Amino acid sequence: MAKLMKKTMDIMAEGIDSLKNIKKDKAEYKAQLARIKALPEDFNFVYEKMCEYMWSYAGGGSGYDMVALQEGLLELFETGAAEGKTALEVTGDDVASFCDELLRNATTYTEKRRDRLNREVQKKLEGK
């Protein structure tokens with residue numbers, strides 16, 4: 001009975017910690033949204049479009065790599081805006097290529113599909 005009580009208490013503690021983390025993450029997300037809205041209009045527009053594009057390729061893991069990527073992009077845009085640059089002066093005219101370069105360090109659907117293809121081919125052909 002004591003083991004069951006301890007297990008129950010541990011599960012409850014994990015649930016409380018999880019709720020605290022969710023609350024913290026939500027507060028950080030709201031703060032990030034405020035920072036995005038504070039950007040000049042061109043930066044705000046380009047940031048939103050870039051995130052939309054990049055999330056369409058995100059897919060592996062928890063998504064934390066994408067959140068970190070967005071945070072870095074936001075910091076880059078804040079710096080560019082503070083220096084009086086336009087969004088396209090920061091990204092260049094080929095915004096999609098700029099996004100693709102950022103995605104090189106993120107886990108994407110493309111990466112997962114490539115890995116699966118290679119595994120399946122290797123597994124099938126190893127026996128021959």
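## Reading an all-helix model

Modeller: Let's start at the surface: Tyr64 counts as exposed, with a relative accessibility of 58%. Here exposed means over 50% relative accessible area, buried under 20%, and partly exposed in between (1.4 Å probe, protein chains only). This is a predicted model, in which local features need pLDDT of at least 70 and side-chain atom pairs pLDDT 80 or more, while totals for chains, interfaces and linings use all residues. Residues are numbered from 1 along each chain as its sequence is written, and side-chain values use heavy atoms, without hydrogens or water.

Biologist: Thanks! Which residues form a nonpolar patch with Tyr64?

Modeller: A patch gathers residues with over 30% relative accessible area and no salt bridge; nonpolar side chains (Val, Leu, Ile, Met, Phe, Trp, Tyr) are joined within 5 Å, like charges within 9 Å. In this model Trp55, Tyr64 and Val67 form one on the surface, with about 330 Å² of accessible area together (Shrake-Rupley method, 1.4 Å probe, only the protein chains shown counting as cover for residues). Tyr64 itself lies in helix 3.

Biologist: How many helices and strands does the protein chain have?

Modeller: Six helices and zero strands, so the pattern along the sequence reads α-α-α-α-α-α. Both are DSSP runs numbered from the N terminus: helices are H or I with at least four residues, strands E with at least two. Helix 2 has 15 residues and spans 21 Å from its first C-alpha to its last, close to the expected 21 Å, which is 1.5 Å times one less than the number of residues.

Biologist: Now the interior. Which residues touch the most other members of the largest nonpolar core?

Modeller: The general idea is that nonpolar side chains tend to be buried together in soluble globular proteins. A nonpolar core is a set of buried Ala, Val, Leu, Ile, Met, Phe, Trp, Tyr and Cys residues joined through side-chain atoms within 4.5 Å. The largest one here has 20 residues, and Phe43, Tyr47, Met50, Met54, Met66, Leu73 and Phe77 touch the most other members. Helix 2 (41–55), helix 3 (64–82), helix 4 (87–91) and helix 5 (95–103) each supply at least two residues. Helix 2 gives the most, with six. The buried residues of helix 2 are Phe43, Asn44, Val46, Tyr47, Met50, Cys51 and Met54.

Biologist: What is Leu73 in contact with, beyond its neighbours within four places in sequence?

Modeller: Its partners are Tyr47, Met50, Met54, Phe98 and Leu102, where contact means heavy atoms within 4.5 Å. Across the protein chain, 73% of contacts between residues at least 6 apart in sequence join residues at least 24 apart.

Biologist: And the charged side chains: how many salt bridges are there?

Modeller: A salt bridge needs a side-chain nitrogen of Lys or Arg within 4 Å of a carboxyl oxygen of Asp or Glu. By that rule there are five. Arg104 pairs with Glu101 at 2.8 Å between the closest N and O atoms; Arg104 is exposed at 61%, while Glu101 is partly exposed at 47%. Glu83 and Lys85 meet at 3.3 Å, N to O, with Glu83 exposed at 51% and Lys85 partly exposed at 38%. Arg35, Glu71 and Glu78 are linked in a network of salt bridges.

Biologist: Where do Glu120 and Arg116 lie?

Modeller: Both sit in helix 6 (residues 109–126), four residues apart, about one turn of the helix. An α-helix has 3.6 residues a turn, so residues three or four places apart point the same way. The Glu120 and Arg116 side chains meet in a salt bridge of 3.9 Å, N to O.
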